[in-house]
Amino acid sequence: MPTPHRRLSDPRELNALAHPVRMAIVELLSISGPLTATELADRLDETPANCSWHLRKLAQYGFVEEAEGGTGRQRPWQVPGLGFRWGDENDSASIDERRAAEALSEVTMGRAVDRLREAQQRAAEESEEWRAAHRSTEMVAWLTADELKEMNDAIDAVLDRYVERLTEPEQRPPGARPCEFVAWGVLTYFPGVEPA
């Protein structure tokens, strides 16, 4: 099973991943397992040459690697690890690292919001069971820094509960489908509202 949550801090790594096509490649390889550049191109509506170029760039920083079972243009690629963390734990980060982390966050959050919109648009096509399971939640709470950390840690623990199913298909129960959760616990700023 791939190692979860690689910690990214090198601005070159962050910038290499902060590209929509590269992020899409990593996502597809994480969800679908090994794929060739041609298979990725078909799914992403890109050219095989463009996907090959992005795969080589991702491989340069260890985000993808060649998988067994192919040669030349038919060689499959895979992710050596599952998930990334960046920017949230390093108070001593350089300006370049902060900027690169922000760029990567923009790409990942933009992709997540696009998938949310698609899920909302396609909800009517789903069965009643799946429509009832869909949910969006948003809240604001008055918390201390310790309470915010505690809640974020608890959310991380819940989100990691089924992570092995990404790389171990035999762990997926019948009828399981890819589902996405996006969470952030951050300070929020309202005009004229001061700390308690």
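Begin by selecting Arg-122 and Glu-118, which both lie in helix H5 and stand four residues apart, about one turn of the helix. Keep in mind, as you move through this tour, that the model in your viewer is predicted. Between these two side chains there is a salt bridge, in which the closest N and O atoms are 3.0 Å apart. In general, side chains of opposite charge can pair when their charged atoms come close. Colouring by accessibility shows Arg-122 as partly exposed, with a relative accessible area of 42%, and Glu-118 is also partly exposed, with a relative accessible area of 40%.

**Along helix H5 to a network of charges**

Now select Glu-27, Arg-111, Arg-115 and Glu-180 together, since salt bridges that share partners join these residues into one network. Within this group, zoom in on Arg-115 and Glu-180, whose salt bridge brings the closest N and O atoms to 2.8 Å from each other. Arg-115 belongs to helix H5 while Glu-180 sits in the segment after H7, so that the pair links distant parts of the chain, 65 residues apart. Arg-115 counts as partly exposed at 29% relative accessibility, and Glu-180 is partly exposed too, with a relative accessible area of 40%.

While you are still on H5, select Thr-108, which has its place in this helix. Is Thr-108 buried or exposed? With a relative accessible area of 16%, Thr-108 is buried, because the cut-off for buried is under 20%. If you set aside the neighbours within four places in sequence, the residues in contact with Thr-108 are Met-23 and Trp-86.

**A bridge between a helix and a strand**

The structure holds 13 salt bridges, and a further one to display is that between Asp-156 and Arg-85, where the closest N and O atoms are 3.9 Å apart. Asp-156 lies in helix H7 (residues 145-159) and Arg-85 in strand E4 (residues 81-86), so this pair ties together parts of the chain that are 71 residues apart in sequence. Asp-156 is partly exposed, with a relative accessible area of 29%, and Arg-85 counts as partly exposed at 23% relative accessibility.

From strand E4, step back along the chain to Val-79, which is found in the loop between strand E3 (77-78) and E4. Val-79 is buried, with a relative accessible area of 11%. Draw a distance from its C-alpha atom to that of Glu-65, and you should find a separation of 6.2 Å, although the two residues are 14 residues apart along the chain.

**Into the nonpolar core**

Next, hide the charged side chains and turn to the largest nonpolar core, which has 26 residues, and in which Leu-17, Leu-29, Leu-40, Leu-55 and Val-64 touch the most other members. The elements that give two or more residues to this core are helix H1 (11-17), helix H2 (20-32), helix H3 (37-44), helix H4 (48-60) and helix H5 (95-122). Which of the helices gives the most to this core? That helix is H2, with six residues. In soluble globular proteins, nonpolar side chains tend to be buried together.

Select Leu-55 and show what surrounds it: apart from neighbours within four places in sequence, Leu-55 is in contact with Ile-25, Leu-29, Ala-37, Leu-40, Val-64 and Trp-77.

Then move to Cys-51, which lies in helix H4 and counts as buried at 0% relative accessibility. Not counting residues up to four places away in sequence, Cys-51 touches Ile-25, Ala-37, Leu-40, Ala-41, Leu-44 and Glu-46. One of these, Leu-40, is 11 residues from Cys-51 in sequence, and the C-alpha atoms of the two are 6.9 Å apart in space.

**Where H2 meets H3**

For the last stop, show H2 and H3 as cartoons and look at how they pack, at an angle of about 110° and with their axes 11 Å apart. That angle makes H2 roughly perpendicular to H3. To see the contact itself, display the side chains of Ala-24, Ile-25, Leu-28, Leu-29 and Ser-32 on H2, together with Leu-40, Arg-43 and Leu-44 on H3. How many of the residues in the contact of H2 with H3 are nonpolar, polar and charged? They divide into six nonpolar, one polar and one charged.

How values were computed. Residues are numbered from 1 along each chain as its sequence is written. This is a predicted model: local features need pLDDT of at least 70, side-chain atom pairs count only at pLDDT 80 or more; totals for chains, interfaces and linings use all residues. Side-chain values use heavy atoms; hydrogens and water are left out. A nonpolar core is a set of buried Ala, Val, Leu, Ile, Met, Phe, Trp, Tyr and Cys residues joined through side-chain atoms within 4.5 Å. Buried means under 20% relative accessible area, exposed over 50%, partly exposed in between (1.4 Å probe, protein chains only). Contact means heavy atoms within 4.5 Å. Axes are lines fitted to C-alpha atoms, for helices over the stretch in contact, and angles run from 0 to 180 degrees between N-to-C directions. Angles under 35 degrees count as roughly parallel, over 145 as roughly antiparallel, 65 to 115 as roughly perpendicular and the rest as oblique. Ala, Val, Leu, Ile, Met, Phe, Trp, Tyr, Cys and Pro count as nonpolar, Asp, Glu, Lys and Arg as charged, and the others, Gly among them, as polar. A salt bridge is a side-chain nitrogen of Lys or Arg within 4 Å of a carboxyl oxygen of Asp or Glu.
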